[in-house]
Amino acid sequence: MGTELKDTFVQAYNDTYDYIDRYLTSKLPTRDLIEDALQSVYLDFYRSLITTEGKIKNVRHYVLRIAKHYVADHYRQQPKATFEDITDLNIPDEKALATLENADFFDYEQVMSYLKSSDDTTYRIFVLHYQYGYTIKKTASCLGLSQSTVKSRLYRTLDKLKKTYCEKEEQSNENNRYNEKVPQRKQV
């Protein structure tokens, strides 16, 4: 590498390092991974300088593009979560069962218990769709079902949940109203 290319590399490194470091820090989970990424990005940039003989017009953009490709490759290589990997279901999802969340009687554990007692397919649909944010199409694909089956099971089960929990709440409210209206006897 000639001194001109070396100077170009050093100048580009000094000009872009902080920017690329911040970008990678926002995209990658650990500092070790970030440092590995920085080395890989600048090594690829160095190779590109040699092959193009230093004829890169927008160095900052070019290095950022290499960093973006590195991040994409990293996440592409991560294993996809399968249903068998799902073990922790105690974390409530803010989106999950939004129609029930507005009520005072909503209890995530009760709903999950109800879903676990229903058939396994419906339970899997709810976990993939609400907890992991899969689309109906992706949920159907993962479970080998049609999209209409996934939709109908979701909506049918949501209706059952609403009826089950709304009836319990109405009964509780009626009992409370009855107990308030009935005068208490004085004990002698």
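**Notebook: helix packing in a predicted model**

I began with the second and third helices, and I noted that the axes of α2 and helix α3 (residues 59–77) come within 9 Å of each other and cross at roughly 130 degrees. Axes here are lines fitted to C-alpha atoms, for helices over the stretch in contact, and angles run from 0 to 180 degrees between N-to-C directions. I therefore put α2 and α3 down as oblique to each other (under 35 degrees counts as roughly parallel, over 145 as roughly antiparallel, 65 to 115 as roughly perpendicular, and the rest as oblique). The crossing of these two helices, α2 and α3, is right-handed (the near helix is turned clockwise from the far one by less than a right angle; anticlockwise would be left-handed). For their contact (heavy atoms within 4.5 Å) I listed L33, D36, A37, S40, V41, Y42, D44, F45 and S48 on α2, facing V59, Y62, V63, I66, A67, Y70 and H74 on α3. Sorted by class, the contact of α2 with α3 holds eleven nonpolar, three polar and two charged residues (Ala, Val, Leu, Ile, Met, Phe, Trp, Tyr, Cys and Pro count as nonpolar, Asp, Glu, Lys and Arg as charged, and the others, Gly among them, as polar).

**What I am looking at**

The model is predicted, with local features needing pLDDT of at least 70 and side-chain atom pairs counting only at pLDDT 80 or more, while totals for chains, interfaces and linings use all residues. Residues are numbered from 1 along each chain as its sequence is written, and side-chain values use heavy atoms, with hydrogens and water left out. I counted eight helices and zero strands in the protein (DSSP runs numbered from the N terminus, helices being H or I of at least four residues and strands E of at least two). Of the 188 residues, 30% are buried (under 20% relative accessible area with a 1.4 Å probe and protein chains only; exposed is over 50%, partly exposed in between). Among contacts with a separation of 6 or more, 58% join residues 24 or more positions apart.

**Confidence**

How high is the average pLDDT of the protein? I found an average of 76, with 71% of the residues scoring at least 70 (pLDDT is the predictor's confidence in each residue, from 0 to 100). Among the elements, α2 has the highest mean pLDDT (91), and helix α4 (residues 98–101) the lowest (48). Over residues 87–97 the pLDDT is below 50, although this stretch has 26 contacts in the model beyond near neighbours in sequence. Residues 99–106 also stay under 50, and there the model has 16 contacts beyond four places in sequence.

**First and second helices**

Next I looked at helix α1 (residues 3–27) and helix α2 (residues 31–52), whose axes come within 10 Å and cross at roughly 150 degrees. That makes α1 roughly antiparallel to α2. I recorded the passage of α1 over α2 as a right-handed crossing. The α1 residues in the contact include L5, F9, Y13, Y17 and L24, and those of α2 include I34, L38, F45 and L49. The contact of α1 with α2 has 16 nonpolar, three polar and two charged residues.

I then followed T25, which lies in helix α1. T25 counts as partly exposed because its relative accessibility is 40%. Leaving out residues up to four places away in sequence, T25 touches R31 and I34. The C-alpha atoms of T25 and A37 are separated by 9.9 Å, with their positions twelve residues apart along the chain.

**Later helices**

Helix α6 (residues 120–131) and helix α7 (residues 136–143) have axes that come within 10 Å and cross at roughly 135 degrees. That makes α6 oblique to α7. Here too I wrote down a right-handed crossing, of α6 past α7. T121, R124, I125, L128 and H129 of α6 meet I136, T139, C142 and L143 of α7. These residues divide into five nonpolar, three polar and one charged.

Last, I looked up L115, which is found in helix α5 (residues 108–117). Is L115 buried or exposed? I found that L115 counts as buried, because its relative accessibility is 1%. Not counting residues up to four places away in sequence, L115 touches Y123, F126, T157 and L161. Although L115 and L161 are 46 residues apart along the chain, their C-alpha atoms are separated by 9.1 Å.
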